[in-house]
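Colleague: I would like to learn how to read charged pairs, nonpolar cores and chain contacts in a model such as this one. Could you take me through them step by step?

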2 protein chains.
Amino acid sequence: MPVHSPPPRGFSTAEFEARLDRAQRLMRAGELDALLLTSEPEIRYFSGFFIELWESPTRPWFLVVPTQGKPVAVIPEIGGAAMEQSWIEDIRTWPAPAPPDDGLSLLGRTLREIAGAGGTVGLPMGHETRLGMPLAAFDALRARSENKFTDATSIIRALRLVKSAAEVAKIKHICAIVSGAYSALPALVAPEATTDEIFRAFRVELLRRGADDVPYLVGSVGWDGYGDIVSAPRAEQLQPGSILVLDTGARFDGYFCDFNRNFATGSRSDAARRAHDILYQATAAGLDAARPGATCAQLYRQMAQVLEAAGSADAAGGGGTAGRMGHGLGMQLTEWPSLAPWDETVLAPGMVITLEPYLRLGPGRMMVHEENIVIREDGAELLTRRTPAEIPLLPTNDSHSTSDRDYDAPTTY
Amino acid sequence: MPVHSPPPRGFSTAEFEARLDRAQRLMRAGELDALLLTSEPEIRYFSGFFIELWESPTRPWFLVVPTQGKPVAVIPEIGGAAMEQSWIEDIRTWPAPAPPDDGLSLLGRTLREIAGAGGTVGLPMGHETRLGMPLAAFDALRARSENKFTDATSIIRALRLVKSAAEVAKIKHICAIVSGAYSALPALVAPEATTDEIFRAFRVELLRRGADDVPYLVGSVGWDGYGDIVSAPRAEQLQPGSILVLDTGARFDGYFCDFNRNFATGSRSDAARRAHDILYQATAAGLDAARPGATCAQLYRQMAQVLEAAGSADAAGGGGTAGRMGHGLGMQLTEWPSLAPWDETVLAPGMVITLEPYLRLGPGRMMVHEENIVIREDGAELLTRRTPAEIPLLPTNDSHSTSDRDYDAPTTY
């Protein structure tokens with residue numbers, strides 16, 4: 001496997017101009033006079049502003065997008081120098097934190113200036129969005145403003161659903177880094193390691209290989225499958241024959257991968273082999289069905305059919321009640337769309353999604369596979385290195401010398 | 001320095017009972033019939049529920065606190081098994097994501113049941129809070145509910161301002177881990193390392209020493225000082241005589257430290273020595289003033305006086321316009337209170353805060369110190385290992401053999 005060099009960090013000004021141009025066309029079509037953005041990914045999308053201080057809820061940050069011309073930043077003084085490094089020119093700051101007003105008057109004046117008195121301000125209020133300021137502050141702004149506030153989720157969603165070539169390159173890079181780390185995992189794990197040690201070692205390995213950070217790393221251990229796919233592991237020794245799953249969202253330059261890998265410790269039970277095989281086939285069906293023009297609901301059903309054909313209705317991913325089998329990803333670990341019966345989003349080139357079929361194996365027991373793909377003109381391109389067709393092995397005290405012929409050796413990627 | 005063993009993970013049921021009891025007393029005093037919690041730290045505080053899936057904005061999570069009896073969880077099905085590990089017993093789930101309702105009806109019914117028809121529901125809406133669900137969903141809930149919704153920030157703030165012994169132990173542990181890593185940094189840095197390589201090595205070192213994750217790591221390089229304290233470093237080689245600052249919020253069991261360290265590369269300029277010394281003295285004044293009964297505004301002024309006495313008004317931290325010189329920390333990188341002229345919060349035993357004096361050195365240039373403390377009956381207890389009185393040195397190509405007598409050798413902590 002060749003050693004890739006990382007794609008360039010940041011984006012060209014031309015890319016921000018193109019994003020803004022698409023947004024302003026949609027704003028005019030939707031009769032919006034301004035967009036108000038308050039969350040980290042929304043502000044980063046239009047400005048390139050990327051700082052970890054979003055961990056702090058103390059200060060709100062705002063970006064106002066007009067129908068003509070560049071966005072205007074209304075931000076705490078502490079971020080002024082960093083914002084000046086971006087392509088944004090009109091940067092208005094206040095010495096935050098300064099309750100109770102804390103930038104609200106400045107924001108209100110800016111909105112009136114840009115949207116006009118009585119003008120309509122759109123902001124993302126819908127599914128998968130969050131307000132990046134205190135609710136009482138927004139309520140006060142809305143109550144005393146002459147501007148009307150309306151939901152602009154559909155605009156932001158339409159823009160962010162389709163990734164640019166530069167965005168795809170970042171996601172592809174982090175997928176390659178993490179694929180290499182998963183391949184290296186069996187060699188990293190000492191037979192006596194506890195699960196929390198394995199996860200810590202894996203986190204370090206991701207950084208060593210070039211991930212910038214690892215905001216999401218969860219996993220579970222169980223027999224044939226596991227009951228919980230959202231928790232961090234407890235400190236326990238791996239028992240021979242159990243299944244270990246790791247699922248990670250690591251980032252490069254602010255873009256996520258999101259995929260998991262299952263491992264069998266020491267040996268593969270028939271049940272685990274069979275579950276792994278069914279999920280492998282379901283993913284294959286998803287890869288085949290993920291083409292421009294197909295809907296997310298259709299893609300969901302293609303995977304669900306494989307699961308249903310292979311087992312009972314109970315084992316089949318559960319039809320309409322059991323959530324989804326994949327989702328978008330990018331600046332966030334999960335983004336629109338959902339691979340679910342209710343999501344009729346039509347796939348288009350540039351969309352980056354996970355394929356995530358899961359199999360219920362009994363009460364409180366399941367297995368999940370996950371791969372990341374980008375939709376191209378002629379179908380799906382895998383961004384992750386496909387999981388092996390046979391569930392890979394981890395060493396245990398009972399199987400020191402097990403050589404795992406099915407899994408790639410660690411690479412220097 | 002002794003090698004500490006980590007404090008136990010999680011909290012006792014008695015601790016959750018005590019938190020709930022305090023909350024319910026405040027709720028009755030404030031005539032609230034229920035609390036609605038929607039953000040990660042709020043829900044974790046009352047339930048212990050701690051998962052990284054909060055990285056995903058797809059699904060909202062809710063906890064409803066009654067005036068009598070345990071909190072009720074209203075959460076996505078995917079988190080049910082994890083919530084069952086907590087002390088919460090009444091767990092109501094829906095198969096999220098399922099827009100447009102997506103749990104809203106279930107939440108509305110639960111609020112009516114717990115608060116009563118027409119009852120008052122408090123939720124945090126004020127400074128430093130965020131709503132953990134889409135705004136349109138909350139607007140719909142509020143519009144069609146028989147319940148009244150009101151701001152309960154003061155209750156959550158009062159509870160979380162004062163940390164328990166178990167909370168302080170977690171913060172103290174991560175402070176000790178990071179203190180050790182800062183001490184080890186000069187030995188970690190190859191003379192030809194670029195700043196991004198130094199930051200990556202430091203992140204790995206934090207994990208190796210026992211940090212669970214590193215959600216915040218920023219820094220900067222400059223001459224005598226630096227212009228930006230919120231960005232990640234660019235890839236550049238350290239120039240002899242420049243100042244490198246790192247500032248990190250790493251976590252153990254979900255609790256943050258938040259402190260920085262300044263280093264001089266190769267040699268110390270007079271300007272850097274002097275700035276470092278003034279800030280060291282300002283911190284000392286803060287340590288002395290941080291006692292039960294003092295207000296945050298008083299503590300701010302004690303530090304500001306040292307800065308003003310040592311330099312021009314311009315160099316003095318800027319009086320009322322320049323933000324703050326410290327803040328609370330805990331489950332979040334920054335929490336209430338603020339060390340600022342406008343914050344009259346009275347310090348009390350168990351409060352954990354940062355002391356963060358900063359010095360403007362000229363246009364676009366500053367230096368900042370930061371330590372973490374807990375307020376005890378008899379004054380401040382340092383949680384961080386105090387920065388050396390002389391600014392510590394990093395090796396450069398010009399100073400391979402510089403031995404840094406002022407800085408601790410790496411420890412095995």
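Modeller: Let us begin with a charged pair in this predicted model: the side chains of Asp224(B) and Arg365(B) meet in a salt bridge, with 3.9 Å from N to O. This pair links distant parts of the chain, since Asp224(B) sits in the loop between strand S7 (213-223) and S8 of chain B, while Arg365(B) belongs to strand S15 (residues 365-368), 141 residues apart.

Colleague: Is Arg365(B) buried or partly exposed?

Modeller: Arg365(B) has a relative accessibility of 29% and therefore counts as partly exposed, given that buried means under 20% and exposed over 50%.

Colleague: What is the general idea behind such pairs, and how many salt bridges are found over all chains?

Modeller: Side chains of opposite charge can pair when their charged atoms come close. A search of the whole structure finds 58 salt bridges over all chains. One of them joins Arg160(A) to Glu335(A), whose closest N and O atoms are 3.0 Å apart. Because Arg160(A) lies in helix H6 (residues 153-161) and Glu335(A) in strand S12 (residues 335-338) of chain A, the pair ties together parts that are 175 residues apart in sequence. Both Arg160(A) and Glu335(A) are buried.

Colleague: Which residue of chain B does Asp253(B) meet in a salt bridge?

Modeller: The partner of Asp253(B) is Arg9(B), at 3.9 Å from N to O. Asp253(B) lies in the loop between strand S8 (242-252) and strand S9 (255-256) of chain B, and Arg9(B) in the segment before helix H1 (13-29), so this salt bridge ties together parts that are 244 residues apart in sequence. Asp253(B) has a relative accessible area of 12% and is therefore buried.

Colleague: How should I read a nonpolar core, and how many residues has the largest one?

Modeller: In soluble globular proteins, nonpolar side chains tend to be buried together. The largest nonpolar core here has 205 residues, and those with the most contacts inside it are Phe46(A), Leu246(A), Leu347(A), Phe46(B), Leu246(B) and Leu347(B). Leaving out residues up to four places away in sequence, Leu347(B) touches a set of residues that includes Ala290(B), Pro292(B), Cys296(B), Leu299(B), Ile353(B) and Ile375(B). Apart from the largest core lies another, of 48 residues, among them Ala137(A), Val64(B), Leu135(B) and Leu141(B).

Colleague: Where does Phe259(A) lie, and which residues is Phe259(A) in contact with beyond its neighbours within four places in sequence?

Modeller: Phe259(A) lies in strand S10 (residues 259-265) of chain A, and at 0% relative accessibility Phe259(A) counts as buried. Its contacts beyond those neighbours include Cys175(A), Val178(A), Tyr182(A), Leu246(A) and Thr384(A).

Colleague: Finally, how large is the area buried between chain B and chain A?

Modeller: The size of an interface is often given as the accessible area lost when the parts come together. Between chain B and chain A about 5,400 Å² is buried, of which carbon and sulfur atoms give 56%, and the contact takes 68 residues from chain B and 67 residues from chain A. The two chains are also joined by 8 salt bridges, and 36 residue pairs between them are in polar contact. On the side of chain B that touches chain A, helix H3 (80-83), helix H5 (135-144), helix H8 (195-208) and S7 each supply at least two residues, and H5(B) gives the most, with 6 residues. By class, that side of chain B has 34 nonpolar, 16 polar and 18 charged residues.

Notes. Residues numbered from 1 in each chain as written. Chains lettered and ligands numbered in written order. Predicted model: local features only at pLDDT ≥ 70, side-chain atom pairs only at ≥ 80, totals over all residues. Heavy atoms only, no water. Salt bridge = Lys/Arg side-chain N within 4 Å of Asp/Glu carboxyl O. Helix = DSSP H or I, 4+ residues; strand = E, 2+ residues; numbered from the N terminus. Buried < 20%, exposed > 50% of the residue type's maximum accessible area, 1.4 Å probe, protein only. Contact = heavy atoms within 4.5 Å. Core = buried A, V, L, I, M, F, W, Y, C linked by side-chain atoms within 4.5 Å. Buried area = accessible area lost by both parts, 1.4 Å probe. Polar contact = N/O pair within 3.5 Å; in protein donor to acceptor, adjacent residues only side chain to side chain. Nonpolar A, V, L, I, M, F, W, Y, C, P; charged D, E, K, R; others polar.
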